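Reader: I am in my first year and would like to look closely at one part of this structure. Could you take me slowly through the aromatic rings and the sheet around them?

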Amino acid sequence: DRRKAMRLTQAEVAARLDLSRPVIIALEREMRGEVASLLAYSRLLGLRSPFVLAKKGRRLVPATNPAAADRVMTPPVLARAVCAHFAPQMQGSVLDPACGTGAFLDAFPPDMEMHWCEIDEGRDFFDWHERVDWVFTNPPWSRLADFLSHAMHVTDNIVFVAPYPNLTTKARLRRMHAEGFGLAEIVRLDTPKEWPQSGFQLVAAWIRRGNDGNCRMSELGG
């Protein structure tokens, strides 16, 4: 009602907030979406804060990400660009452990030995134990910690496309260090328009065994 009173369409609100129209629809109809999106929407319409303080002694715990929300397919144009960026360092064998519709498989350097897993096709990554030179994927973000842990046991080089905060929690950085890995490069990416718009920076992170602690920050193609 407030948006309509301000003579704004859903498309106009989406454009102002750099979100997709389906995100605005989900906020208005179901109060469903990312916290950052809800805050930005509320500020734009001049609404009071949508949050209240929890009772003393209670913690705010995020809800478990539903499995359906993990089925976000990488656009082929993004897969090609990310693979092209890392191609000069890539050789040997590569595994996409969550290949979906195969966007990365189609974009890997053609001289590499390619392998894939996809749970919906009956190939569970956690059943894979063969060594490969690279693990390269857009993992299901709700299971990123599990995917990272298993990947570190089957390869020396990992590239994950994910939000930057998901990759750099204290617990995940400590786990990388304990396994002898470190962040070698963080490549900033533009979030595809058809993906959920969270406000967090999307990156392609190269996690390498034996990294000396230096991490290069770059733009896609840079």
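Author: Since this is a predicted model, please take what follows as a description of that prediction. A good place to begin is the pairing of strand β1 (residues 93-96) with strand β3 (residues 134-137), which run in the parallel sense and are joined over two bridges; within this part, V94 has W134 in β3 as its bridge partner. Both strands belong to an open sheet of seven strands with mixed pairing, whose order is β2-β1-β3-β4-β6-β5-β7, and the edge strands, each pairing on one side only, are β2 (113-116) and β7 (216-219).

Now turn to the rings. F104 and F136 form a tilted aromatic pair, with 5.3 Å from centre to centre and 55 degrees between the planes, and this pair links distant parts of the chain, as F104 lies in the loop between β1 and β2 while F136 lies in strand β3, 32 residues apart. F104 and F136 are both buried. F136 also pairs with F108, this time edge-to-face, at 5.3 Å centre to centre and with 75 degrees between the planes. F108 is in the loop between β1 and β2 and F136 in strand β3, so this pair ties together parts that are 28 residues apart in sequence; F108, like F136, is buried.

These three rings belong to one aromatic cluster, formed by F86, F104, F108, W134, F136 and W206. One member of the cluster, W206, also has R208 lying over its face, 5.0 Å from the ring centre.

Key. Residues numbered from 1 in each chain as written. Predicted model: local features only at pLDDT ≥ 70, side-chain atom pairs only at ≥ 80, totals over all residues. Heavy atoms only, no water. Pairing = 2+ DSSP bridges. Helix = DSSP H or I, 4+ residues; strand = E, 2+ residues; numbered from the N terminus. Phe/Tyr/Trp six-rings, centres within 6.5 Å; stacked < 30°, edge-to-face > 60°. Buried < 20%, exposed > 50% of the residue type's maximum accessible area, 1.4 Å probe, protein only. Lys NZ or Arg CZ within 6 Å of the ring centre and 35° of its normal.
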